[in-house]
Amino acid sequence: MFVAARSSRFGGRLGTGKDRAARSAPCDDETVQILLVEDDRRLAELIARRLRSEGHRTEIREDGRAGLERAVVGDLDLAIVDVMLPELDGMSLTRSLRDAGVLTPVLMLTARDAVDDRVNGLRSGADDYLVKPFAFDELLARIDALGRRSRSTPGDVLVLDGVRVDRRARRVHVGDREIELTSKEFELLACLLDHRGQVLTRAQLKQLVWDFPFDAKTKVVDLYVHYLRRKLGPSGDIIRTVRGVGYAVGR
C-alpha cells in the first residue's frame, strides 16, 4: 500500500515545519466534507490525517454497509470508497447509491490496475478511480475537482451508471472519457436523465427537446437516440426502449 519515505507518494513523510507552513490553509469555500470507506484502519487513519491537515472534514467507515448508511444521509461533498470491503464491496456500495438517486461524487480506491476493474468501477457509478499506491498530491487534485462538481447548483450535474452530464460546462463524460455531442444530442440526454425512471413518449421528447408544439410526423427522436447510443458506446444501454411508448433511463 505504501511507498516509502521521501517520495511524495502516499505513505511518505507527512511533512512538518517549513514544509507544512509553505502550504496556505484552504479557505472555507475549498473545504470538502469527505466520507472515507476503507477497512484497513491504519491506512484509513493515515489518509484521514493527511486530509484533515489540508482542512478537509473527514469521516471514516470501515465496512461497505456502514459506508452506504452514512452516504445516503447526504451532506457530503465526496465519498472515497475502497473496492474490497467487508459486508458490501465498493462497487455494490456505489451502485446502491446511484440506484437511490444519490449523486455524491465517488472516488474509488483499489489495488487492482486491470482495465476491466477500472471500467467496472466507473460503470458502477464511480466518478473517478485511483490505484494504490498513489501520490498524495494526485489524490488532493482529484478531490478538489470532484468537490467543485458536488458544489454545483443542484441539477447542474446529472450522473447515471458512469455517464456524467455537466449542464453548466455542457460536457459529457463516460467514465474518464469525454464524449463530444451536438447541441440536440446533449439536450436529449440531459432531458432523459432529468426524468430518470420515467418513460417519456416520443411526443413528449419532441416537445421538451425540439419544442415541437404537436406530435409532428418525424423520426427525429429515434434517430437521435441512435446517435446517442453509438457515441456513448456500451454505456448507451442506459437508454431503454419501451416498445410502443418511448424511451427511459434508470429504473
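The legends below describe close-up views of a predicted model.

Local features are reported for residues with pLDDT of at least 70 and side-chain atom pairs only at pLDDT 80 or more, while totals for chains, interfaces and linings use all residues. Residues are numbered from 1 along each chain as its sequence is written, and side-chain values use heavy atoms, without hydrogens and water.

**View 1. Ring pairs join Trp210, Tyr224 and Tyr227 into a cluster.** Two aromatic pairs are found in the whole structure (ring centres of Phe, Tyr or Trp, the last by its six-membered ring, within 6.5 Å; planes under 30 degrees apart are stacked, over 60 edge-to-face, the rest tilted). Trp210 and Tyr224 are edge-to-face, with 5.3 Å between centres and 70° between planes. This pair links distant parts of the chain, 14 residues apart: Trp210 belongs to helix α8 (residues 202-210) and Tyr224 to helix α9 (residues 220-232). Helices (H or I, at least four residues) and strands (E, at least two) are DSSP runs numbered from the N terminus. Tyr224 and Tyr227 are also edge-to-face, at 5.3 Å and 70°; these two residues are three apart in α9, about one helical turn. Trp210 is buried, at 14% relative accessible area, and Tyr227 is partly exposed, at 24% (buried is under 20%, exposed over 50%, partly exposed in between; 1.4 Å probe, protein chains only).

**View 2. Helix α9 has its buried residues on the same side.** These residues are Val220, Val221, Tyr224, Val225, Leu228 and Leu232. They cover an arc of only 130° around the axis, taken from the directions from the helix axis to the C-beta atoms. The end C-alpha atoms of α9 are 18 Å apart, in agreement with the 18 Å expected for 13 residues (1.5 Å times one less than the number of residues). Gly233 follows α9 and has a positive phi, near 70°.

**View 3. The largest nonpolar core has 29 residues.** Such a core is a set of buried Ala, Val, Leu, Ile, Met, Phe, Trp, Tyr and Cys residues joined through side-chain atoms within 4.5 Å. Helix α7 gives the largest share, seven residues. Leu189 is among the residues that touch the most other members. Its contacts (heavy atoms within 4.5 Å) include Val163, Val172 and Leu228, with residues up to four places away in sequence not counted.

**View 4. Arg50 has its charged end over the ring of Phe136.** The distance to the ring centre is 3.9 Å (the criterion is NZ of Lys or CZ of Arg within 6 Å of the ring centre and within 35 degrees of the ring normal).
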